[in-house]
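Me: I am new to this structure and would like a close look at a single part of it. Please start from one residue, then go on to what else can be said.

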Amino acid sequence: MKLVFMGTPDFAVPVLEALVAAGHEIVRVYTQPPRRAGRGKQIRPSPVHSRAEALGLPVETPERFQDAVMAAFAALGAECAIVAAYGQILPQAALDAPARGCLNLHASLLPRWRGAAPIQRAIMARDSETGVCVMQMEAGLDTGPVLARETVSIGSQDTAQTLHDQLAEISARLIVATLPKLNDLTAEPQSLAGVTYASKIDKAEARIDWTRSASELSAHIRGLSPFPGAWCEIGGQRVKVLMAEPEEGAASPGTALDERLLIACGEGALRLTQVQPAGKGAMAGSAYLSGRPLPPGSVIS
């Protein structure tokens with residue numbers, strides 16, 4: 001099938017690779033323009049940009065879908081556009097240009113978690129399952145009818161990273177399986193019940209509020225791991241908490257209950273099992289305590 005692919009982050013790379021491996025003709029790849037990133041703030045192409053060039057595919061990086069970009073897009077004569085975390089709102093003219101429209105791969109079970117951060121929000125809300133939907137795009141925010149979906153359980157050890165990787169692979173498999181069946185599939189309108197929105201993660205959310213329950217905080221930490229990373233201050237130093245296990249325990253919230261990073265919460269306690277001090281790499285909680293003892297009764301914030 002003659003396709004246009006539109007995507008930007010790591011999540012979209014397996015989808016692009018799967019489409020190429022399946023023998024589809026990718027006439028153009030659209031991705032966000034190179035941005036400054038990393039400590040050196042050097043200009044870097046997106047993961048999709050880099051992979052597309054390695055695959056020998058032509059790449060476009062428009063800031064906006066304006067008149068000239070739109071005309072060139074329509075002139076490609078693509079049968080369908082596949083969109084995976086592109087990061088740009090497409091005008092109606094773009095949605096209508098391919099013969100079969102634009103299909104979006106969204107990492108949730110729509111209509112739950114429409115929007116920017118569905119993977120993180122599903123974990124943080126302690127959902128038991130999530131998945132991927134192949135959606136026929138329309139003007140609304142993730143409101144289009146769904147052609148196919150696949151469900152997965154969210155495990156107690158899943159983080160935003162592990163779930164991201166799993167859903168990216170499912171997206172790749174699902175779109176390859178869906179495209180040959182387009183003539184036989186009926187897109188199902190999304191239910192008006194159960195709509196939730198996965199708003200972009202705000203930096204202010206990342207600070208750990210020890211007055212919350214251990215169960216809530218465990219999900220909160222996993223949903224933000226490894227990026228941006230939930231954090232607290234220990235001895236005046238900012239420390240990201242990447243993994244933590246709920247345990248029994250009670251004291252004033254933020255109080256260390258033993259010498260192995262068991263911290264009291266509003267209800268129960270959390271064992272900090274993986275942390276990342278400022279300027280350092282991720283490490284086990286036991287490794288962090290080497291040279292940084294935190295005796296019982298100490299209070300962190």
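**Helix H2 and beyond**

Reply: His-49 belongs to helix H2. The model is a predicted one.

Is His-49 buried or exposed? It counts as buried, because its relative accessibility is 11% and the cut-off for buried is under 20%. Apart from neighbours within four places in sequence, His-49 is in contact with four residues that can be named: Thr-31, Pro-34, Val-59 and Thr-61.

Helix H2 covers residues 47-54, and Ala-54 also has its place there. Ala-54 has a relative accessible area of 58%; exposed means over 50%, so Ala-54 is exposed. Helix H2 thus holds His-49, which is buried, and Ala-54, which is exposed. Measuring from C-alpha to C-alpha, Ala-54 lies 40 Å from Gly-285 in space, while 231 residues separate the two in sequence.

Pro-47 is one of the residues lining the second largest pocket. The others are Thr-8, Pro-9, Asp-10, Gln-32, Pro-33, Arg-35, Ala-37, Arg-44, Pro-45 and Ser-46. By type, this lining has 5 nonpolar, 3 polar and 3 charged residues. The volume of the second largest pocket is about 280 Å³.

The largest pocket has a volume of about 1,800 Å³. Its lining is made up of 45 residues, and those nearest its centre are Ala-85, Ala-116, Ala-117, Gln-120 and Lys-200. Two or more lining residues come from each of strand S7 (102-106), helix H5 (118-124), helix H6 (160-178) and strand S13 (237-247). By type, the lining of the largest pocket has 25 nonpolar, 12 polar and 8 charged residues.

Strand S13, one of the elements in that lining, runs antiparallel to strand S12 and is joined to it by 5 bridges. One of the pairings is between Trp-231 and Lys-240, the latter in S13. The two strands form a hairpin with 2 residues between them. In the turn, Gly-235 has a positive phi of about 60 degrees.

Why is strand S12 described as largely enclosed by the rest of the structure? Strand S12 spans residues 230-234, and 4 of its 5 residues are buried, so the description follows from that count.

Technical notes
Residues are numbered from 1 along each chain as its sequence is written. This is a predicted model: local features need pLDDT of at least 70, side-chain atom pairs count only at pLDDT 80 or more; totals for chains, interfaces and linings use all residues. Side-chain values use heavy atoms; hydrogens and water are left out. On a 1 Å grid over the protein atoms alone, a cavity is a set of points where a 1.4 Å probe fits but cannot get out, and a pocket is an open set with protein on both sides within 12 Å along at least five of seven lines; lining residues have an atom within 4 Å of a point. Grid points are joined across faces, edges and corners, and a volume is the space filled by probe spheres set on the points. Helices (H or I, at least four residues) and strands (E, at least two) are DSSP runs, numbered from the N terminus. Ala, Val, Leu, Ile, Met, Phe, Trp, Tyr, Cys and Pro count as nonpolar, Asp, Glu, Lys and Arg as charged, and the others, Gly among them, as polar. Buried means under 20% relative accessible area, exposed over 50%, partly exposed in between (1.4 Å probe, protein chains only). Contact means heavy atoms within 4.5 Å. Two strands pair if DSSP finds at least two bridges between them.
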